[in-house]
Amino acid sequence: MAFIIADRLTKTFPGETRPAVDQVSFEIKQGEFVVLLGPSGCGKTTLLKMINRLYEPTSGRLLIDGVDVRSMPATALRRRIGYVIQQTGLFPHLRVEQNIAVVPQLLRWDRARIEARIDELLDLVELPRSYRRRYPRQLSGGEQQRVGLARALAADPSLMLMDEPFGALDAITRARLQEELLRIQQRLHKTILFVTHDVDEALRLADRLLIMRAGRIVQFDTPLAVLAEPADDFVRDLLGADDVLRRLSLLTVADALASDGMNGDHTAHGIQETLNPGDNLREALIRVLRSGGQPLPVVENGRQLGRISPDIIASALTRKTHALPD
Amino acid sequence: MRYLIDNFPYVLSLIGQHLVMSGLSLAIALVIALPIGIVCARVARLRNLVLGILGVIYTIPSLSLFVLLIPFTGLGLRPAVIALVAYAQLVLVRNVVVGLTGIDPAIVEAARGMGMTAAQRLWRVELPLALPIILAGVRVAMLSIIAIGTIAAFINAGGLGLLLFDGVRSSNPEKIIAGAVAVSALAISANGILWLIEQRVFQATRGVTGTKN
């Protein structure tokens, strides 16, 4: 059974005629990274906040792990769900360690367990343990959001809600934190609902994209599938689905090779640039073009798997566009 | 200055009386103003009404308020404290409201989203963050209580006002000067001490004085 089941969830704010979220139904599996994407005012944040009941639905039902969220007190529900917001919401009067300890304390963990957990989390988000005694104000924006992430993970919730967590950060810090989040997710396999309006961020992070417009879900599928077959012109425009480079960035060198098979025995002459199977095709194309359009060898563990040429990239693009992975 | 030096023990006892009257009034005023302020911070509709009423009380001339209370309470400390408590409400309630409503909404949302109850939010997050502004109100309230408290001598509540009233009655400028100097000294030191506390709290709640590492 799905981990999260939303059944015709609707939220109409008092004094509004049009619902902010309108009869939305979906299912999310345990361990999925789902990104809610859409323009401002599409209802994505409202939808997110109904999940931890910061907003109560006007109608409809929401099950988490088979349990109706309204069957328990909102505070008990929220302590089981990690919550990260854009402005971090760190408590400025509490030290880093006290910020991280908030939910474990609400859950009445004993002191020793909390202390050990703080160290573990600082390691996980790659902050030095010496930061324990600092105040949020003494950290950079990126460091603050790492603390925000550690604080949300503190009681080891299986579900994380993230509301544009990297929206206020500069591009470089944002990219680094996206990478960190993916690394942490590979280790912890949380179920994550992540709100953003940044398309590149969405494509980079999502297992599945939940695209919203005017309170409804327009499309809910993998990034590759959404890019290849946008449900309508709105989705096409939103994602820039016609952007070839964006599509290439979702394919890997290994994808292209697999179809092309081993194309002969190429002896590497001299010192030459090589590609890894895990590189994305956008990166590969750039490097192929930079080396004058010459095919570049793909090497893994010292073994040459094949070569990538502009032709192979082009055929991978057209093939992947029509034959979708399941 | 002669009078002050010659009658120092007497002046000191009046300072003591004045301090007891002011401190008692401030303590009672705070106990009343905190819950009113908290409720007004939560219920926007109540806010203007309550602050309006307190504003009206604040504009009643202090001498007439003291005298108005006499039929109900008699003379002495009791009507004085009641009046001083009433005067302090406007500043205290207003600062509690401003302190609580001025907190970054993201911080309150985070506290809610993490599963704090309303009481936990109030005690662990909102009141600590509002404390510097509440204390600023306490300081201003204390200064007006000390000042208005001199008039309370008129209704037999004692304190440094005695020196002023006696001085005027007996045309003794020495006494008036002694009273004025003592009241000023009291107000200035109260201001200084409360200001220091306020600064310390401000820095602590903004996380700027913490030792690194």
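In this predicted model, helix H2 of chain B (residues 8–42) and helix H9 of chain B (residues 173–206) have axes that come within 11 Å and cross at roughly 45 degrees. That angle makes H2(B) oblique to H9(B), and the crossing of the two is right-handed. On the H2(B) side, the contact is made by Val11(B), Ile15(B) and His18(B), while H9(B) brings in Ala178(B), Ala182(B) and Leu186(B). Sorted by character, the residues of this contact come out as 5 nonpolar and 1 polar, with no charged ones.

Next up is the place where the two chains touch. Here chain B puts in 22 residues and chain A puts in 24. On the chain B side, the elements that give two or more residues are helix H6 (105–113), helix H7 (118–149) and H9. H6(B) has the largest share of that side, with 6 residues. The make-up of the chain B side is a mix: 10 nonpolar residues, 8 polar and 4 charged. H9(B) thus turns up twice, once in the contact with H2(B) and once on the side of chain B that touches chain A.

H7(B), another of the helices on that side, deserves a closer look. A straight helix of 32 residues would span 46 Å at 1.5 Å a residue, but H7(B) spans only 38 Å between its end C-alpha atoms. Along H7(B) there is also a kink of about 50 degrees, found at Leu131(B), shortly before the proline Pro132(B).

Definitions and conventions
Residues are numbered from 1 along each chain as its sequence is written. Chains are lettered from A and ligands numbered from 1 in the order in which they are written. This is a predicted model: local features need pLDDT of at least 70, side-chain atom pairs count only at pLDDT 80 or more; totals for chains, interfaces and linings use all residues. Axes are lines fitted to C-alpha atoms, for helices over the stretch in contact, and angles run from 0 to 180 degrees between N-to-C directions. Helices (H or I, at least four residues) and strands (E, at least two) are DSSP runs, numbered from the N terminus. Angles under 35 degrees count as roughly parallel, over 145 as roughly antiparallel, 65 to 115 as roughly perpendicular and the rest as oblique. A crossing is left-handed if the near helix is turned anticlockwise from the far one by less than a right angle, and right-handed if clockwise. Two residues are in contact if their C-beta atoms, placed from the backbone, lie within 7 Å. Ala, Val, Leu, Ile, Met, Phe, Trp, Tyr, Cys and Pro count as nonpolar, Asp, Glu, Lys and Arg as charged, and the others, Gly among them, as polar. The expected span of a helix is 1.5 Å times one less than its number of residues. The bend at a residue is the angle between axes fitted to the seven residues ending there and the seven starting there.
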